[in-house]
Amino acid sequence: MNEPLSASPRRPVAATLLDFRRNLVLSCCVVGFWISVLSCGVNLALGVLDAMFVMSVLGGAVSGGVWFRLRKQPEALDASATALLCFAGALVAVGWPRFGGILGSSPALLFPIAGLSLVFTTRRRQRIAVASLVAFATLLYAVHLFAPHVIDSY
């Protein structure tokens, strides 16, 4: 009656952490892809074919591409995360001057995005990602302070 529960084989913490990191990047790509597709559809329905539409198309292409690559090559986590973070930074950089009134505080978005640096597989790569995003945000803030004519007023 009281049979002992059979112990399931335990996976090493490193393997489960790697799976968690991979699934986090995949989730970000899936959400980003579908938001981009919906944004493109709304822009097309409204007949608005401006920079926001172009960024939605690019967002769908990058998110979908990273999503597809990571599903085909699960070991390419660091390269996929790099592409995702670079695109997020580019989106902030392009969106800030172009849509200053709407996304005027977008450099601050780089700090939560920096949390995604934890998906990288080594501490060195994580540090490089965080330092790069902080340096990039500092550069955007410096442009805003010392060359405000470059960016729309917020």
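Analyst: Accessible areas in this discussion come from the Shrake-Rupley method with a 1.4 Å probe. The model is a predicted one, and its accessible surface comes to about 9,900 Å². Carbon and sulfur atoms hold 69% of that surface.

User: What makes up the protein in terms of helices and strands?

Analyst: The protein has five helices and zero strands. Read from the N terminus, the order of elements is α-α-α-α-α. Of its 154 residues, 32% count as buried. Among contacts with a separation of 6 or more, 66% join residues 24 or more positions apart.

User: How do you know that Asp19 forms a salt bridge with Arg22?

Analyst: The closest N and O atoms of Asp19 and Arg22 are 3.1 Å apart. The cut-off is 4 Å between a side-chain nitrogen of Lys or Arg and a carboxyl oxygen of Asp or Glu, so the pair qualifies. In general, side chains of opposite charge can pair when their charged atoms come close. Both Asp19 and Arg22 belong to helix 1, where they are three residues apart, about one turn of the helix.

User: Why is Arg22 called buried?

Analyst: Arg22 has a relative accessibility of 14%. Buried means under 20%, so Arg22 meets the criterion. Its partner Asp19 stands at 23%, and a value between 20% and 50% is called partly exposed, so that term applies to Asp19.

User: What makes Arg125 and Asp78 a salt bridge?

Analyst: The N to O distance between the side chains of Arg125 and Asp78 is 2.1 Å, and the limit is 4 Å, so this pair is a salt bridge as well. It links distant parts of the chain, with Arg125 in helix 5 and Asp78 in helix 3, 47 residues apart. Arg125 is partly exposed because its relative accessible area of 42% falls between the two cut-offs of 20% and 50%. Asp78, at 14%, counts as buried because that value is under 20%. The search of the whole structure finds two salt bridges.

User: Why is the aromatic pair of Phe33 and Trp34 called edge-to-face?

Analyst: Two values decide the matter: the ring centres of Phe33 and Trp34 are 5.0 Å apart, and the angle between the planes is 80°. Rings pair if their centres lie within 6.5 Å, and planes over 60 degrees apart count as edge-to-face, so both conditions are met. The search of the whole structure finds two aromatic pairs. Phe33, Trp34 and Trp67 form one aromatic cluster.

User: What does Phe33 touch beyond its neighbours in sequence?

Analyst: Phe33 lies in helix 1. Leaving out residues up to four places away, Phe33 touches Gly60, Ser63, Gly64 and Trp67. The C-alpha atoms of Phe33 and Leu58 are separated by 9.7 Å, while the two residues are 25 residues apart along the chain. As for Trp34, its relative accessibility is 45%, which is between 20% and 50%, so Trp34 counts as partly exposed.

User: Why is Asn43 described as buried, and what is it in contact with?

Analyst: The relative accessible area of Asn43 is 10%, which is under 20%, so the residue is buried. Asn43 is placed in helix 1 (residues 13–46). Neighbours within four places aside, it is in contact with Val48, Met52, Phe53 and Ser56.

User: Which residues have the most contacts inside the largest nonpolar core?

Analyst: The core has 21 residues, and those with the most contacts inside it are Val25, Leu85, Leu110, Ile113, Val119, Phe120 and Leu133. Helices 1, 2, 3, 4 and 5 each give two or more residues to this core. The largest share, six residues, comes from helix 3. Leu110, apart from neighbours within four places, is in contact with Gly89, Val92, Leu133, Phe136, Ala137 and Leu140.

User: What makes the nonpolar surface patch, and how do you know that Phe111 can belong to it?

Analyst: The patch of about 310 Å² is made by Phe111, Val130, Val134 and Tyr141. Helix 5 (residues 123–146) provides the largest share, three residues, whereas Phe111 lies in helix 4 (residues 110–114). Phe111 has a relative accessible area of 43%. Patch residues need over 30%, so Phe111 passes that cut-off.

Key:
Residues are numbered from 1 along each chain as its sequence is written. This is a predicted model: local features need pLDDT of at least 70, side-chain atom pairs count only at pLDDT 80 or more; totals for chains, interfaces and linings use all residues. Side-chain values use heavy atoms; hydrogens and water are left out. Rings of Phe, Tyr and Trp (its six-membered ring) pair if their centres lie within 6.5 Å; planes under 30 degrees apart count as stacked, over 60 as edge-to-face and the rest as tilted. Buried means under 20% relative accessible area, exposed over 50%, partly exposed in between (1.4 Å probe, protein chains only). Patches are made of residues with over 30% relative accessible area and no salt bridge: like charges are joined within 9 Å, nonpolar side chains (Val, Leu, Ile, Met, Phe, Trp, Tyr) within 5 Å. Helices (H or I, at least four residues) and strands (E, at least two) are DSSP runs, numbered from the N terminus. Contact means heavy atoms within 4.5 Å. A nonpolar core is a set of buried Ala, Val, Leu, Ile, Met, Phe, Trp, Tyr and Cys residues joined through side-chain atoms within 4.5 Å.
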